[in-house]
Amino acid sequence: MSVILAILLSALAMTLIVGVRYLIVSGAFAAATRVKHPGLYRGLDPQMRSEIVWSLASAAIYGIPAGIVAWGWHNHGWTRIYTDSAAMPLWYAPVSVLLYLLAHDTWFYWTHRWMHRPKPFKLAHALHHASRPPTAWAAMAFHPIEALTGAVVIPLLVFVIPISTTALGFVLAIMTIMGVTNHMGWEIFPRFMWKGPLGNWLITASHHQRHHELYGCNYGLYFRHWDRLCGTDRGIGDFARDHARAAKRAAR
């Protein structure tokens with residue numbers, strides 16, 4: 001098998017993994033929404049179809065660099081991913097997860113804030129904000145430019161920060177779950193995670209809902225420290241208005 005074909009197959013496999021993962025996770029949380037808040041997504045079928053189409057397109061953009069890096073790691077030892085649990089001290093596994101989340105959050109904050117400048121917003125990021133309100137299907141509904149900014153961060157980090165395959169899987173799971181739950185229109189996590197001392201530093205749907213409501217604030221992904229340091233934190237919102245609008249749609 002030629003090198004080019006092997007890389008293409010790896011990229012295709014990663015695209016399928018990302019796409020299927022999105023459909024399963026977003027579908028599961030969309031189903032949970034129908035149980036917990038019946039009618040919340042009523043009247044949003046055209047929007048959700050658009051979210052799914054753009055998200056599956058983004059899956060290809062995420063899958064290509066991931067597939068190239070996975071091929072290089074498997075065949076040539078590229079990256080600092082390791083499979084031997086004895087390669088690093090046991091305490092390093094949770095540290096590596098935290099390092100990846102902090103680095104990803106930093107990248108996301110600054111690229112996200114840049115995309116809210118007038119030209120990048122009009123060109124790319126407006127597509128994501130076209131979901132009003134966003135649903136569980138909107139997690140990856142990005143313009144290709146925005147998808148590319150998100151697709152490169154983890155493939156770049158694996159060349160810099162050592163991480164086990166298990167810890168990397170945990171990072172990807174957190175990334176997927178938070179991306180979906182931050183957009184689904186209600187708060188799934190316990191109150192202590194979004195209210196009180198811990199909630200002052202962690203981002204869940206209540207914090208990100210405020211971003212979709214006001215736009216020019218709450219740019220972070222997992223943590224609130226960059227928003228706090230840069231004066232862009234506007235606290236947490238609530239879903240009363242969105243739920244009231246959903247009730248009106250349901251009554252029509």
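Which helix does Q47 lie in? In this predicted model, the answer is helix α2. Q47 has a relative accessible area of 15%, and since anything under 20% counts as buried, Q47 is a buried residue. Setting aside neighbours within four places in sequence, Q47 touches a run of residues made up of A130, S131, R132, P133, P134 and T135.

One of those partners, P133, deserves a second look. P133 sits in the loop between α4 and α5, and a cis peptide bond links R132 to P133, with omega at about -5°. To put that in context, most peptide bonds are trans. So Q47, a residue of helix α2, is in contact with both R132 and P133, the two residues that the cis bond joins.

Just before that loop comes helix α4, which covers residues 118–129. Here the end-to-end distance is a bit of a surprise. A straight helix of 12 residues would span 16 Å at 1.5 Å a residue, but α4 spans only 13 Å between its end C-alpha atoms. Quite a few residues of α4 are tucked away: P120, F121, A124, H125, L127, H128 and H129 are its buried residues. And what do the buried residues of α4 pack against? Their partners are α2 (45–76), α3 (92–114), α5 and α10 (205–214).

On the other side of the loop is helix α5, residues 144–151. The buried residues here are E146, A147, T149, G150 and A151, and they pack against α2, α3, α4 and α6 (153–157). P144 also lies in α5, but P144 is partly exposed because its relative accessible area is 35%. Leaving out neighbours within four places in sequence, P144 is in contact with W54 and I61. The pairing with I61 shows how folding brings distant parts of a chain together: P144 and I61 are 83 residues apart in sequence, yet their C-alpha atoms are 7.3 Å apart in space.Now for helix α1, which runs over residues 3–36. Is T33, a residue of this helix, buried or exposed? T33 counts as buried because its relative accessibility is 1%. The side chain of T33 makes a polar contact with the side chain of W186, at 2.8 Å. Apart from neighbours within four places in sequence, the residues in contact with T33 are P38, L40, Y41, M184 and W186. L9 is also found in α1, but L9 counts as partly exposed because its relative accessibility is 40%. L9 belongs to a nonpolar surface patch of about 590 Å², together with I4, L5, L8, L12 and L16.

Next come the charged pairs. How many salt bridges does a search of the whole structure find? The search turns up 2. In one of them, the side chains of E213 and R210 meet at 3.7 Å, N to O. These two residues are 3 residues apart in helix α10, so about one helical turn separates them. An α-helix has 3.6 residues a turn, so residues three or four places apart point the same way. E213 is partly exposed, with a relative accessible area of 31%, and R210 is partly exposed too, with 25%. The other salt bridge joins the side chains of R224 and D233 at 2.8 Å, N to O. Here both R224 and D233 are buried.

Finally, there are a couple of backbone angles to check. Most residues other than glycine have a negative phi. T79 has a positive phi, near 75°, and is not a glycine. T79 lies in the loop between α2 and β1 (81–82), and T79 counts as buried because its relative accessibility is 14%. N218 is not a glycine either, yet N218 has a positive phi of about 50°. The place of N218 is the loop between α10 and α11 (225–229). N218 counts as buried because its relative accessibility is 0%.

Conventions:
Residues numbered from 1 in each chain as written. Predicted model: local features only at pLDDT ≥ 70, side-chain atom pairs only at ≥ 80, totals over all residues. Heavy atoms only, no water. Patch = residues over 30% accessible without salt bridge, like charges linked within 9 Å, V, L, I, M, F, W, Y side chains within 5 Å. Areas by Shrake-Rupley, 256 points an atom, 1.4 Å probe, with all protein chains shown as cover. Salt bridge = Lys/Arg side-chain N within 4 Å of Asp/Glu carboxyl O. Helix = DSSP H or I, 4+ residues; strand = E, 2+ residues; numbered from the N terminus. Buried < 20%, exposed > 50% of the residue type's maximum accessible area, 1.4 Å probe, protein only. Polar contact = N/O pair within 3.5 Å; in protein donor to acceptor, adjacent residues only side chain to side chain. Contact = heavy atoms within 4.5 Å. Expected span 1.5 Å × (residues − 1).
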